[in-house]
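Work through the following exercises with the model open beside the text, and try each task before reading its solution.

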Amino acid sequence: MELNSEQLAMLNGEHGSAARKAMEILTALGEIYGAVDMVPVSSVQIAGVSYDNLGEAGLQFLFEMADGGGKARVLTTLNPAGMDVDNWEALGIDPLFAENQKRVIEAFERMGVVTTCTCTPYLSGNLPHYGEHIAWAESSAVCYANSVIGARTNREGGPSALAAALTGFTPRYGMHLDEDRSPTVTVEIAPTPANPSLTEDVRGDGSLRTMWFGALGKAIGEKLQGSEKKQVSYIEGIESASLEELKSFCASLATYGGTALFHMGGITPEAAVMTPPEQTIRVTQAEVESAQRSLGEAPSAKVDFVSLGCPHLSINEIAHLAELLDGKRVVKEFWITTARPTKHIADRMGYTKIIESSGATFAVDTCCVVAPIKGRFHTLATDSAKACYYATGKNNFKTRIMPFDDVVREAVGEGPGN
Ligand code: F3S
C-alpha cells in the first residue's frame, strides 16, 4: 500500500503508540482487501460499545489506546451502550455491569470521542454529506449512510473504526470506490405497497410504515443472500419512503442480506445516476407478508416485553408515540430507545412527561438488543425486523412483530398478546 509521509510517520510511532497501533490495523486491513492507498475520512462511528460485547479484553484494548495518547482526529460518535448511562437503575441493570460500562465510556471520552451512543448518528449531529468518505461500524447506519445519504463507508469493525478515528484515514476499497457502488441486480417490488392490513399504521405523511419496510428488507435481503457475490440492488416500485421507513428498511436489509448499499429509484441520491441492471428479481406482496409472518414466531404467546426504537427513534416517532400514550397506562415493561440528544428535544416538547406518565421507560443510549437482558423476558413485541432477529438469536426471546401503533396497544393491554 502506498502511504504518504503523515501515514508513514504514524506507522513509525512518531505520533505515539496508539496512532502506530491504529495505522498497523488499517494497513493490515488494506493489504487484505487490496487497497492501493488510504482515503481521509471526516466522520467515524464506533460499534461494539456495550460491555456485554466488549468484555474485559476489549476494555483493556481501549485503555491501552487511551494510555498510548490516542485522540480522535475527526468527529467520532458511538453505537448504543449496554445501558442508559444516566438512568441504568431504572432498567434493572446490575451495578457491576454499570460500573464496567462506565469504564468503557470513560476510555472513549479520554480519546476525545463524542459519547453520544446511538445507531442513528445521522439524527444526532454526525451527519455526513453526499460523496463524503467516512468510517462507520453499525450495519444499519452504514447502509443508511451509503444508500440514503450517498456518503461512502465500508462496514467497519470496532477496532478498525477506532483506528480510523485516531488517524483520520481508512483504506480505500469497497464502498469507497465508484466501481463497487454500481448496482448488480434490479429488484422489482410488485405490486407497490397497497395492502391495507400491512400499512394500517400509516399516518397522513406515511411516516410509520416501519414494520412493512422491515419485512420488505427481510424479503429482499434473503433473496440477495442466496447469490454468489455481494449484490448491490437497484430497487424499483417504491413510490415514497420516509426517513423512519428507510432507517427500518436499512436495518433489516443489512441484517438479513448483509447489505451495505442499495439504490432506490426516485428516492436515494445515486439512483439518479445509475442504470438499473438487466438481471431482475421480483419481490411480491405475498413474499413480504410471508417475511412478516416469519418474524412473529410467537403468534399466540403472551407478550411481557415491549420495545420501540430499533433503530433509535426519531423525534417524529416520539411525537407520535406521545399522542398514542396520552392518558393511557402501560401494563407491561415498555422500553423507548433513542439517542440522548433526541430525548432532550422530547423533554423540551413535553413528550417525555406524557410518555413517562404512562409508565413507559426511556432507555436512552442503549437498546433491547445490546442491553444485558438475556432470558429476562419471554416474548418481545416490536415493529422492528432487526430487533426480532437479535432478540431471538442473542437474548432468547420469542417475538411478535406488529405495526408501530399496535406495539403501543400491546403495551397498554389492548393488543392481541395480552
Ligand atoms: Fe440500533 Fe440496537 Fe437496533 S443498536 S439498530 S436499536 S439492535
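Buried means under 20% relative accessible area, exposed means over 50%, and partly exposed lies in between, with a 1.4 Å probe and protein chains only. Helices (H or I, at least four residues) and strands (E, at least two) are DSSP runs numbered from the N terminus. The model is predicted, so local features need pLDDT of at least 70 and side-chain atom pairs count only at pLDDT 80 or more, while totals for chains, interfaces and linings use all residues. Residues are numbered from 1 along each chain as its sequence is written, and side-chain values use heavy atoms, with hydrogens and water left out.

**Exercise 1. A covered helix**

Task: Determine which residues of α15 are buried, and which elements they pack against.

Solution: Begin with the helix as a whole, which spans residues 404-411 and has seven of its eight residues buried. These are Phe404, Asp405, Asp406, Val407, Val408, Glu410 and Ala411. Next, look for the partners of these buried residues, taking contact as heavy atoms within 4.5 Å; the packing is against α8, β11, α11 (315-325), β12 (333-338) and β14 (379-382). One of these partners, α11, has buried residues of its own, namely Glu317, Ile318, Ala319, His320, Leu321, Ala322 and Leu325. Finally, inspect what comes after each helix: α15 is followed by Gly413, whose phi is positive, near 85°, and α11 is followed by Gly327, with a positive phi near 80°.

**Exercise 2. The nonpolar cores**

Task: Find the residues with the most contacts inside the largest nonpolar core, and the elements that give two or more residues to this core.

Solution: A nonpolar core is a set of buried Ala, Val, Leu, Ile, Met, Phe, Trp, Tyr and Cys residues joined through side-chain atoms within 4.5 Å. The largest such core has 60 residues, and those with the most contacts inside it are Val44, Ile46, Leu78, Phe108, Met111, Leu162 and Phe305. Two or more residues each come from α2 (17-33), β2 (43-46), α3 (51-67), α4 (95-110), α6 (158-167), β11 (305-313) and α14 (385-393). Apart from this core lies another, of 33 residues, including Ala145, Ile189, Phe249 and Leu253. To examine one member of the largest core in detail, take Leu78: leaving aside residues up to four places away in sequence, Leu78 touches, among others, Gln45, Ile46, Val49, Ile105, Phe108 and Cys117. As background, in soluble globular proteins nonpolar side chains tend to be buried together.

**Exercise 3. Surroundings of the ligand**

Task: List the residues around the ligand and sort them by class.

Solution: Counting a residue as near if one of its heavy atoms lies within 4 Å, the ligand is surrounded by Pro80, Cys119, Glu138, Ser140, Gly309, Cys310, Pro311, Cys367, Val369 and Lys386. For the sorting, Ala, Val, Leu, Ile, Met, Phe, Trp, Tyr, Cys and Pro count as nonpolar, Asp, Glu, Lys and Arg as charged, and the others, Gly among them, as polar. The shell then has six nonpolar, two polar and two charged residues, and its largest share, three residues, comes from β11.

**Exercise 4. Salt bridges across the sequence**

Task: Establish why the pairs Glu188 with Arg282 and Glu287 with Lys223 tie together separate parts of the sequence.

Solution: A salt bridge is a side-chain nitrogen of Lys or Arg within 4 Å of a carboxyl oxygen of Asp or Glu, and the structure holds 22 of them. The side chains of Glu188 and Arg282 meet in one, at 3.2 Å from N to O. Because Glu188 lies in strand β7 (residues 185-190) and Arg282 in strand β10, this pair joins parts that are 94 residues apart in sequence. Both partners are partly exposed, Glu188 with a relative accessible area of 29% and Arg282 with 47%.

For the second pair, Glu287 and Lys223 form a salt bridge at 2.9 Å, N to O. Glu287 lies in helix α10 (residues 285-295) and Lys223 in helix α8 (residues 210-225), so the parts tied together are 64 residues apart in sequence.

As a further case, Arg152 forms a salt bridge with Glu270, the closest N and O atoms being 4.0 Å apart; the two residues are 118 residues apart in the chain, and both are buried.
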